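Thanks for sending this one over. Here are my notes, in numbered points, to read alongside the model.

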Amino acid sequence: PLNTVDVFVDGEWRSVLIGGSRGATPGIFALDVTDPANFSAGNAGDIVLWEFSGNNNLGNLVDAVQIVLLDWGTGDYRWSAVFSNGYGAPSGKNGLFILDIEDPSNAEFIEVADGAGLSPARIVDHLDASGNPNSDGVADRAYAGDLEGRLWAIDLTGGKDSWGVAYGGEPLFVATDNLNRAQPISSQPDI
């Protein structure tokens with residue numbers, strides 16, 4: 001799955017394409033696709049920005065990475081790649097990854113629970129910088145379900161030290177059938 005967005009990184013606006021490997025070795029990559037006239041084998045080093053793989057919490061991704069502006073703390077706004085950890089992570093954890101597009105070594109993993117995988121996340125902007133219900137272009141919350149039937153709300157306000165599962169770490173909703181068996185949530189929530 002691919003996603004392309006114009007982002008302000010390294011002091012300039014660039015078109016960045018981020019993709020994942022789906023069922024292959026878990027990972028994502030970022031390419032600078034600002035100027036297609038520069039696409040050649042000789043310029044490959046300038047086009048490839050980074051790769052993120054080899055993380056024990058990373059499983060197989062099934063949907064495109066979301067590219068959003070986030071407040072990393074004290075007004076430190078960064079274009080970020082936000083994505084669920086996918087299915088079948090070796091760690092057995094469900095969670096949300098956040099990578100700084102300019103410097104992916106700035107990476108956060110927000111663990112929500114043990115499990116077999118987190119479905120694709122829906123990212124929303126519903127608050128302004130003062131906390132009022134108004135869109136300001138900065139992502140505030142992520143919603144994602146898991147294969148254990150839990151729908152999670154993840155608070156992305158207040159900077160990376162404040163990011164975490166909303167509602168006291170409890171799921172927003174648990175899907176069960178009439179026998180109280182968990183019903184997997186495998187699709188991105190629609191808000």
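1. How many positive and how many negative side chains does the protein chain have, and how far apart do the centres of the two sets lie? In this predicted model, there are 9 positive and 27 negative side chains. The centre of the positive set and the centre of the negative set lie 8 Å apart.

2. Next, the secondary structure. The protein chain contains one helix and 15 strands. Two of those strands, β4 (residues 48-53) and β8 (residues 93-100), come up again below, as does β6 (residues 77-84).

3. On overall dimensions, the radius of gyration of the protein chain is 17 Å, which agrees with the value near 16 Å for a compact globule of 191 residues. You may like to set beside this the spans of the C-alpha trace along its principal axes, which are about 60 × 40 × 25 Å.

4. Now burial and surface. Of the 191 residues in the protein chain, 42% are buried. The exposed area comes to about 9,200 Å², and carbon and sulfur atoms supply 48% of that area.

5. A word on contacts along the chain. If you take contacts between residues at least 6 apart in sequence, 48% of them join residues at least 24 apart.

6. The aromatic side chains are worth a look in your viewer. The count of aromatic pairs comes to seven. One of them joins phenylalanine 52 and phenylalanine 97: the ring centres are 5.3 Å apart and the planes stand at 70°, over the 60 degrees required, so this pair is edge-to-face. Phenylalanine 52 belongs to strand β4 and phenylalanine 97 to strand β8, so the pair ties together parts of the chain 45 residues apart in sequence. Both of these phenylalanines are buried.

7. Phenylalanine 97 also pairs with phenylalanine 83, and here the rings are stacked, with 5.3 Å from centre to centre and 20° between the planes. This pair links distant parts of the chain too, since phenylalanine 83 sits in strand β6 and phenylalanine 97 in strand β8, 14 residues apart.

8. Are phenylalanine 83 and phenylalanine 97 buried or exposed? The cut-off for buried is under 20% relative accessible area. Phenylalanine 83 has 4%, so it counts as buried, and phenylalanine 97 is buried as well, at 1%.

9. Finally, which residues do ring pairs link into a cluster? They are Phe52, Phe83, Phe97 and Phe109.

Conventions. Residues numbered from 1 in each chain as written. Predicted model: local features only at pLDDT ≥ 70, side-chain atom pairs only at ≥ 80, totals over all residues. Heavy atoms only, no water. Helix = DSSP H or I, 4+ residues; strand = E, 2+ residues; numbered from the N terminus. Rg over C-alpha atoms; globule rule 2.2 N^0.38 Å. Buried < 20%, exposed > 50% of the residue type's maximum accessible area, 1.4 Å probe, protein only. Contact = heavy atoms within 4.5 Å. Areas by Shrake-Rupley, 256 points an atom, 1.4 Å probe, with all protein chains shown as cover. Lys, Arg positive; Asp, Glu negative; His and termini not counted. Charge placed at Lys NZ, Arg CZ, Asp CG, Glu CD. Phe/Tyr/Trp six-rings, centres within 6.5 Å; stacked < 30°, edge-to-face > 60°.
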